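Please look over the structure shown here before reading the notes. They deal with overall build and with charged side chains.

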Amino acid sequence: VTFHSLDYLAFFGLVVAVYWCLPHRAQNALLLVASYAFYGYIHLWFLIPIAFSTMVDYVAGLAMERDPPRKKLWFSLSLVTNLGLLGTFKYFNFFVENVAAVLHGVGLDVPHVALRLVLPVGISFYTFQSLTYTIDVYRGQVKARRNLLDFALFVCFFPQLVAGPIERARSLLPQMEGPRVFSAQLAREAALLMIWGFFKKLVIADNVGVIANKVFGLENPGFFVLWAGVFAFGMQIYADFSAYSDIARGSARWLGFTLMRNFDHPYIARNPIDFWRRWHIALSSWFRDYVYISLGGSKHGEMRTARNVLITFFLSGLWHGASWNYVLWGTYHGVLVAGYRLGRQLPWPKAAPWMKPALAIGQGVLMFVLAHIGWLMFRETNFDYLLRYATQSPFAADLAQIEAGAYLFLTVLTFSWPIFAHDWIVALTGVQQLVLPTREQLRRPAHEVGVALTQGLVAGVLLTGILVLHSRASLDFIYFAF
Amino acid sequence: VHDSYPVHFRRLLLVLLPVTLAVMATVPLLLRGTQATSDEGLVPSYLPALEPARQRLPFKNGPIEDLRYLDATWVFIGDSIPGTRVDHHRFAELNNLEATGVLLRPGTGAAYWYLAFKNWLVASGVKPRLTFIYFRDYNLTDTMFRLSDQYRWALDEVARDHEPALNAAVAARIQGPWAAARARVERSYSADRVRDWLEPAVRHWPTWLIVPPERRSTLPDEVNQRFHLDKLRPFEAADMDAVDRAQADFAAMLPSSVLPPMIRLAKANNLQICFVRARRRPNADGTPAPQPDYLRKYVSDLSAWLASQGMLFIDDTPDSRLSLDLYEDGDHMRRDARSFYTDLLNEKVQVLLKK
């Protein structure tokens, strides 16, 4: 079941309808059954590793609390289990291939070994989410949970199971344990959030994704067509992944849960640190809290900080997939962040007040370009092609190629302008969530009627867009692959 | 959240939720308004399973008259693939100047070929010795290939007011409660009709900023040329062949394709059809375009089924004489290669007919 299918809407509608008729404990039981059904519908055997990970972490959490002398041992068991699952399913073949290539390089040929396993969808997400529980229990920041049902639901909660946001145990578990109240206000917001997500997926991501896929299928696209394709991919991955997060958050909100924001208008970021505060926030904050800070963070001087940043981004790149291009992408961003941190220590001249807007725009454009250079590394899995692209010159292009590139660029812009409009309005007005009312405004009936009608109108316009401009090519969510 | 609100405010909130959803569902009705003035001239579609009433081009009678006039001995049906391969004058020369009719139209698929066979050839009463139908890979059983959107207009020229067999095949392909629900929603908002003009307009507008007026209509096609099969990476080209593995299950696809009604019609009218599978553009080194195992299986099943129905089958794919230098763009052949291709075709046809 994917979010952008009618199957999901039917499934979700049924779950919501039954859910609010049940008492709290039964609600959790229903959600657990629904989540396993949702996941098992993709592939029945996917249930085995998730159930295994759940049981090990549940037992490890309790054991760490009951048996403090062996706390480290139980924590190691959880770590080895989750990273072992991830390593086996996602990285084993990659590791073996690379070892074999190194051995071949020194004249030792080893027999080809490969596991023919289907990668369980979402394994990178739920193992990391489950680890937040055992790490926090180990650190004494979260109490071990005795209720297996609540804990199992925390690991497999269907709205965010397959592609996040990766929630923290300390944020989501209390919501699982406490009673939820249906809020019509939040349900309205959630409906709008979901339809904005559907719009981004069906109208923007899937339409521009077709262009990106075509360009990256070419033997020799040429400079301008290639970069139009990279722009298409940059818009696709943002629209696609943020759409998933919005639908997940909207779905959860209908069930009375609040999930974290995963994107905060990343394409208006003005520097690499700003970008990573806005892009895939759940994952970047996970790596910050559990890797970067564990390595010492920024406490031991600039060079150690730079090293920690590079290690963190290297691992973050590797998390995305068992392929060197993801590692290269992660390392590239690590270099950008570390370089920016070091660069801002330099004695830059202060900009005059009249220059500040132009400087801000210039920084935003530069970061946008840098992010897209990264997307080229992310999208192109073949290093031979990547090297070829890196050496392509714009001066070798003929007029026809420039026209084709411009045509594709404008076509991408035609489909993706609502995202730019949304982000730039947010940037210029400072409104955090353009379409959502503030808490203070919620209590006045007249205002509430106006907000409800506006939300209906905006959702109606988005629905109209979906009806007339949805792509005929239905592409999977990109982050399903991770 | 609600507990802290007064009762009347909580009630208001509960009422506003369906109100918001109702407003959301109402806004797209404006789409109907944009179509209100163009409702004149709508006629029920010959494919009600696929689309609502719409304006259509009239059926073309010309080809029936032409076939009768020619009293064609050989008839070719297909798209630009036979159009860029077969020199029908040459074919007539090679066969004692017997009349050769062509029912070719670029950008058409199995639905068009079936209707051309039924509504033009069979309707003309002409009894050719052999009718050739060209296809690539899975096209013959791909009922939905080139059926909607811009391809509708070509289909209009060859479709009667009612096409029950084709409609049944289409209905079988798009069956399912979700497909029906989705179609009902789109129709209730007239979204499908707005889409007909809006989508091309959206894709066309960038041309206004890039090229002078005389090139605006051709730029999208020029850009599309850049993505032809011969411009793709070898691996991607292989993927293009394997568009959808489900399409390669011949036994599963056959009942909901136009092949069974076409063969029934041929038998009822004592016509023999020779299906020709075109050779895709070979690789740069002259080797055939890659074929996955399931495509080979599909072709083998298709060939066996056609033989069981008493029809002929020619597969150009393994013919290494159709080398890369004969090709122009994509799977199309160069104009000056047509005579050579026609000679080869005739050679294969004579062998088949002798059998």
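The notes below cover chain B as a whole and then the salt bridges in both chains.

The model is predicted. A search over all chains of the whole structure gives 37 salt bridges. Three pairs and one network are described here, after a summary of chain B.

**Chain B overall**

- Chain B is built with 17 helices and five strands.
- Along the principal axes, the C-alpha atoms of chain B fill a box of roughly 95 × 45 × 45 Å.
- Chain B has 355 residues, and 49% of them count as buried.
- Taking contacts in chain B between residues at least 6 apart in sequence, 80% join residues at least 24 apart.
- The accessible surface of chain B is about 16,900 Å², and carbon and sulfur atoms account for 57% of that surface.

**Charge in chain B**

- Chain B carries 45 positive and 44 negative side chains.
- The centres of these two sets lie 3 Å apart.

**Salt bridges in chain A**

- Asp136(A) and Arg170(A) form a salt bridge, with 3.0 Å between the closest N and O atoms.
- Asp136(A) belongs to helix α5 (residues 123–138) and Arg170(A) to helix α8 (residues 169–177), so this pair ties together parts of chain A that are 34 residues apart in sequence.
- Asp136(A) counts as buried because its relative accessibility is 0%, whereas Arg170(A) is partly exposed at a relative accessible area of 41%.
- A salt bridge also joins Asp206(A) to Lys201(A), where the closest N and O atoms are 2.9 Å apart.
- Both Asp206(A) and Lys201(A) are buried.

**Salt bridges in chain B**

- Lys348(B) and Asp316(B) meet through their side chains in a salt bridge, at 2.6 Å from N to O.
- This pair links distant parts of the chain, 32 residues apart: Lys348(B) sits in helix α17 (residues 338–354), while Asp316(B) is in the loop between β5 (312–315) and α17.
- Are the two partners buried or exposed? Lys348(B) counts as buried because its relative accessibility of 17% is under the 20% cut-off. Asp316(B) is buried as well, with a relative accessible area of 1%.
- A network of salt bridges links Arg136(B), Asp137(B), Arg277(B), Arg280(B), Asp315(B) and Asp331(B).

Note on methods: Residues numbered from 1 in each chain as written. Chains lettered and ligands numbered in written order. Predicted model: local features only at pLDDT ≥ 70, side-chain atom pairs only at ≥ 80, totals over all residues. Heavy atoms only, no water. Helix = DSSP H or I, 4+ residues; strand = E, 2+ residues; numbered from the N terminus. Buried < 20%, exposed > 50% of the residue type's maximum accessible area, 1.4 Å probe, protein only. Contact = heavy atoms within 4.5 Å. Areas by Shrake-Rupley, 256 points an atom, 1.4 Å probe, with all protein chains shown as cover. Lys, Arg positive; Asp, Glu negative; His and termini not counted. Charge placed at Lys NZ, Arg CZ, Asp CG, Glu CD. Salt bridge = Lys/Arg side-chain N within 4 Å of Asp/Glu carboxyl O.
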